[in-house]
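Colleague: Before we rely on the descriptive terms for this model, I should like to see each one justified. May I ask, term by term, what stands behind them?

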Amino acid sequence: MDVTNTILGARKKKTGESVRIRVWRMVVSWLLTWEIYPILVIATFLRFYQWPMTQFDADQAVIYGLARNALVHGLIPITTNTASIGIMNPPATVYLLMLGAVFSANPYAGLIVVGFLNVLAVLLTYVIVRRYFGRMVGTFSALFYAVALRTVIYSRFIWNQNMLAPFVLLFLLALLWGVMERRRGWLAPSVLLWGWMIQLHGSAVFLAIPLVLACVLAFKTLRWRDVFLSVILLVLIYFPYIIWEVGTHFSDVSILLQNVHSHASLDKYALDFYLSYFRAFDFSPPAEPGSWGFKLFSMLHWDYRLMLLLLTGSYAFALFAVCQSRWSLLSFMRKEAQLPTPLVDSSASFPVRLLGWWHALLASPARCTLLLLLTWQILPVLVLTRHSIDLYAYYLLILMPGPFILMGIFTAQVVEWLRQCSFPWSGARYAVSLLLVALIVMQFIGTFAWIQDDAQGFHPNGNMSHSLGDLQNALAVADHLAQNRHLHRIYIDTNFTTVDAFNYLAPQMQTPYTLLSINDAHCLLLPDISQGPSVMLFSPAQQLDEALLTHFASAALVSEPSYVGGPPFRLYIVQPLSLPQSQATFVNTLALDTSQSAAFTWQDPHSLAQPPTHLLTTFWTSLSSRPAQENTTYTYRFSARSSGRGTDSQNSSAACSFTHLDSGEQLLVPFVSQALFPVSLAITGSVWMTSPHQWTYGPFHLEDIRKQSSLLTTFQSASGGGSIIVQH
């Protein structure tokens, strides 16, 4: 017995040592694979170059703020942001961004997570494709994926679907375990990854198509325990979101059903968006003569045509390889073990021959894999040609890098055919490789040119999009000015495109601040006389607000922080107004500073064809303080009924939101009027507080983006009524 145990122990030791040796040799072999390094360098460079220009708007601020708050306050995220169709997204995005938020509140930490995941996707493309299709296919597939413009664009800023890429590759790997290798145990990880990707973006639901096909092609590898495990894993990763749905009585389900059953249109948008992934320029040709894209457009357009030609050849070859069973294609791959298939006479009936083709297909894992790739690429695009919701290019991120893999397979087969030919045709294989290199270089040039143009402001989205670098720089300049001049507060005038971004970034300043969310009401908040001057920061699109400030208050423009792609931010030092207080007062809330309102007419200098804006501006002093609380705003809503000069019964309103309000601070509230100014305004109003919605289940505190509003007071005039009369 002792001798037997000794022999068995020696064998186990030898087996363990051999496994370690094989693993070590494999690691060394991969480390010595030279093409990995330029692929990673190119992918990393294009995803992080000029990274201060990363987009940082409402979605970016909200989802990164959720990740940071969850870590700081010990919350459990159960939703992310709101989807384009109106439902709440599941929380997977927040959990991924927590990997960066745990280190820093700076959104660049989240950008590192997004960029790293996309660089990892390029590496996974090389590793997975090389494993199953060879070194050449893996190299070219990864390079095309690394330099493709649209995949680079969607990996340069924080967004839910921008983190899909590595999980798509892992999902493909799990499917190939079953379809290509016929191994058991692939279903549970593939279903887990599928559910996770749906949390990142709902378009991943279309990956059920290749998943179902893989179950059919690798049916003999499935086990009941894999099905049960898949269901359990899905329930686990969706458990936080299930809590949300139960708590909201499944409101998202009804919204989703309404979108699904709404009027559907049939068009080619899905195909156009799919083909846009092969262009080295954006959707529309660059029109600015000074841009790189304008200068390179002719070359990039020819590159696009060649890419479409290569794509067409790749699809044609893949379809032919799947449909036929007589010729041995894919000769560049290592020989696969063919499963036994019954012979079918060519004179047999069509159903018999079709059944024979199906058995021959199942016997060839390589052909099954090609069918899987084609189905993954074609069917989602076909399904999306009829849609009831608006489509966007990022809906097709779930299909990447599938077309580049098919391109690599096709060119590898062409090179293998040419290699088998006699001279001089055998030398043509080098020309094919050089053509691929040229296409990759042109794709790289186009992508680099787009990044350069974006950094120089040639690809702005008007005032709808702001870069993180510009926003942080504007706040840093304002903070530095306030600290140097010992000013007590910074007022930040926002609009709907900047309010969420500034709401997240402003707490990182040293100087106390107040965020003004004016909701197109053009209200202004000015400091109390006892507080002295303050700093006021305006976003580039707030020209009317600036005009109101310079017309009614003493304000000096001291700095213009840059904004790439548009007019700069503008920074003022504002002196308090000194106005007599009238007896007309909203009790314990606001005091009207004068019995006469001030008329103001403003003409947009950039839109002279538009009619001027007529405003009646009222001046108020706050009688109560509203303390600053995290993610809390106070909204003052005024309603005014006009009378006199033909304006009788005309109504106007203004809603002004602030994150903080001190007693004594002055509020300018303008009311938009018609061409004639009224004689008087009958004003009523109320104030309410909006704060984060709180979910608590025992010791667990849950987090979502919903807000809850509570009415603080309805304005009561000093005379006891609900309104006051302002004369003009």
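Modeller: Two strands are said to pair when DSSP finds at least two bridges between them. Strands themselves are DSSP runs of E with at least two residues, helices are runs of H or I with at least four, and both are numbered from the N terminus. This is a predicted model, in which local features need pLDDT of at least 70 and side-chain atom pairs need 80 or more, whereas totals for chains, interfaces and linings use all residues. Residues are numbered from 1 along each chain as its sequence is written, and side-chain values use heavy atoms, with hydrogens and water left out.

Colleague: What makes β14 and β15 a pair?

Modeller: Eight bridges join β14 (residues 633-643) to β15, so the requirement of at least two is satisfied. The two strands run antiparallel, and Ala-640 has Ser-652 of β15 as its bridge partner. Strand β5 (residues 513-517) is also joined to β15, by two bridges and again antiparallel; here Leu-516 stands opposite Phe-658.

Colleague: Why is β15 described as mostly covered?

Modeller: A residue is buried under 20% relative accessible area, exposed over 50% and partly exposed in between, using a 1.4 Å probe and protein chains only. In β15 (residues 651-658), six of the eight residues are buried.

Colleague: How do you know which strands are the edges of the sheet β1-β19-β18?

Modeller: That sheet is open, has three strands and shows mixed pairing. Its edge strands, β1 (76-77) and β18 (695-697), each pair on one side only. β1 and β19 (residues 700-703) run parallel and are joined by two bridges, with Pro-77 opposite Glu-703.

Colleague: Why are α16 and α17 called oblique?

Modeller: Angles under 35 degrees count as roughly parallel, over 145 as roughly antiparallel and 65 to 115 as roughly perpendicular, the rest being oblique. Helices α16 (residues 365-384) and α17 cross at roughly 140°, with axes coming within 10 Å. That angle falls in none of the three named ranges, and the two helices are therefore oblique. The angles run from 0 to 180 degrees between N-to-C directions, and the axes are lines fitted to C-alpha atoms, for helices over the stretch in contact.

Colleague: Which residues make the contact of α16 with α17?

Modeller: Contact means heavy atoms within 4.5 Å. Among the residues involved are Leu-370 and Trp-376 of α16, and Ile-405 and Ile-409 of α17. The contact residues divide into eight nonpolar, two polar and no charged. Ala, Val, Leu, Ile, Met, Phe, Trp, Tyr, Cys and Pro count as nonpolar, Asp, Glu, Lys and Arg as charged, and the others, including Gly, as polar.

Colleague: What makes α4 roughly perpendicular to α9?

Modeller: Helices α4 (residues 92-101) and α9 (residues 187-200) pack at about 90°, with axes 7 Å apart. The angle lies within the perpendicular range, so the term applies. Ala-92, Thr-93, Tyr-95 and Leu-96 of α4 meet Trp-196, Gln-199 and Leu-200 of α9.

Colleague: Why do His-249 and His-486 count as exposed?

Modeller: His-249 has 70% relative accessibility and therefore counts as exposed; His-486, with a relative accessible area of 73%, is likewise exposed. Most residues other than glycine have a negative phi. His-249, in the loop between α11 and α12 (251-260), has a positive phi of about 60°. His-486, in the loop between α19 (468-485) and β4 (490-494), has a positive phi of about 55°.
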